[in-house]
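Please look through the sequence and the model shown here, and keep both in view while reading the paragraphs that follow.

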Amino acid sequence: MSLVQLLFYIMSFIALGSAIFVAASKNLVRSIFMFFITLFALAGLYVLALADFVAITQIVIYVGGILVLILFAFMLSGKETLDAIQKQRNQFISANKIASFILAALFFVTLLIMIFKLDANNLLWVKNSIKANNDIKPNAVMTDNIGINLMTTYLLPFEIISILLMMALVGAAHLARKEQSQ
Amino acid sequence: MITLTDFLIVSAGLFCIGLFMLVSKHNAIQILIGIELMLNAAILNLVAFGKYDRFNNGGQMFALFAIVLAAATTAVALAIILNVYRRYKTIDPAKVDKLRD
């Protein structure tokens, strides 16, 4: 087993394990902090998939931006309501949870069957791309290529997404503003 | 050599954990985290397949777009959650069942 493979298994184990902890934990703050770990492990997986720029973006935007936002929202919504929700959840522990667990497990089995039927390594376009020498080699530097593509091939989606981001931020600021008392 | 199937299995696992959180939780913030997990599973797939496109970088590019979109979604969703908390004093989506007037 090569070192890369070993790293992949470690990373995916950390990602899945911390995600399960996030789902199972009763303590909201603890689960938010475990979500940090999941995101870091996912960034490691992106590096192993030879997408270093995406990994850095993941760390900057997800870990630096989204998680801090979530923590803020958690601190701004009051503590007593969260406690009330937890107490209530402890009373009727399971019927709801078992049903959703069965749903998720069945969906997982379906996805696994599909994945094994798909057999992604032998897809036609993947084989063609390997044959045409179009796959990323481990020693390649992709960041310049991404920058050039962003300004040429994908210029329109880039502009659209920047306008959408601006609209979303203005909308979020408008929504979060305190209402004037009438 | 890490194969594509390994990545697909990991992302299927993440997606199902996200689905479980989405269905079973009684707290809007935890539901939001579930949605983020599902989005991350999708991004992992994009990145894994993007390995086979060196010249156009289609997969990695749209993974970047998806990350930015997730940021926008989260900002708006958290603003909505704050508003809901201010109005209803709870963030359990099952209890938010009244219109404005």
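At what angle do helix 3 of chain A and helix 3 of chain B pack, and how far apart are their axes? In this predicted model, the angle between the two helices is about 5°, and their axes lie 10 Å apart. Because angles under 35 degrees count as roughly parallel, helix 3 of chain A and helix 3 of chain B are described as roughly parallel to each other. On the side of chain A, the residues that make this contact include F53(A), V54(A), Q58(A), I61(A) and L69(A), while those on the side of chain B include Q60(B), L64(B), I67(B), A71(B) and L78(B). Sorted by class, the residues of this contact are 19 nonpolar and 5 polar, with no charged residue among them.

It helps to step back to chain A as a whole. Its secondary structure consists of 8 helices and 0 strands, so that, by the way elements are assigned, the order from the N terminus on reads α-α-α-α-α-α-α-α. Of the 182 residues of chain A, 20% count as buried. When contacts in chain A between residues at least 6 apart in sequence are considered, 50% of them join residues at least 24 apart.

The pair of helices described above belongs to a wider meeting of the two chains, in which 72 residues of chain A are in contact with 64 residues of chain B. Several elements of chain A give two or more residues to the side that touches chain B, among them helix 1, helix 5 (95–118) and helix 8 (155–176), but helix 3 of chain A gives the most, with 13 residues. By class, this side of chain A has 52 nonpolar, 17 polar and 3 charged residues.

Which residues touch the most other members of the largest nonpolar core? This core has 69 residues, and those with the most such neighbours are L45(A), Y46(A), A49(A) and A51(A) from chain A, together with I29(B), L44(B) and V47(B) from chain B. The elements that give two or more residues to the core are helices 1, 2 and 3 of chain A and helices 1, 2 and 3 of chain B, and helix 2 of chain B gives the most, with 14 residues. Y46(A) offers a view of the surroundings of one core member: leaving aside its neighbours within four places in sequence, Y46(A) is in contact with A51(A), V54(A), A55(A) and Q58(A), and also with V47(B) of the other chain.

Conventions
Residues are numbered from 1 along each chain as its sequence is written. Chains are lettered from A and ligands numbered from 1 in the order in which they are written. This is a predicted model: local features need pLDDT of at least 70, side-chain atom pairs count only at pLDDT 80 or more; totals for chains, interfaces and linings use all residues. A nonpolar core is a set of buried Ala, Val, Leu, Ile, Met, Phe, Trp, Tyr and Cys residues joined through C-beta atoms within 7 Å. A residue is buried if 20 or more other C-beta atoms lie within 10 Å of its own, exposed if 12 or fewer, and partly exposed in between; C-beta atoms are placed from the backbone. Helices (H or I, at least four residues) and strands (E, at least two) are DSSP runs, numbered from the N terminus. Two residues are in contact if their C-beta atoms, placed from the backbone, lie within 7 Å. Ala, Val, Leu, Ile, Met, Phe, Trp, Tyr, Cys and Pro count as nonpolar, Asp, Glu, Lys and Arg as charged, and the others, Gly among them, as polar. Axes are lines fitted to C-alpha atoms, for helices over the stretch in contact, and angles run from 0 to 180 degrees between N-to-C directions. Angles under 35 degrees count as roughly parallel, over 145 as roughly antiparallel, 65 to 115 as roughly perpendicular and the rest as oblique.
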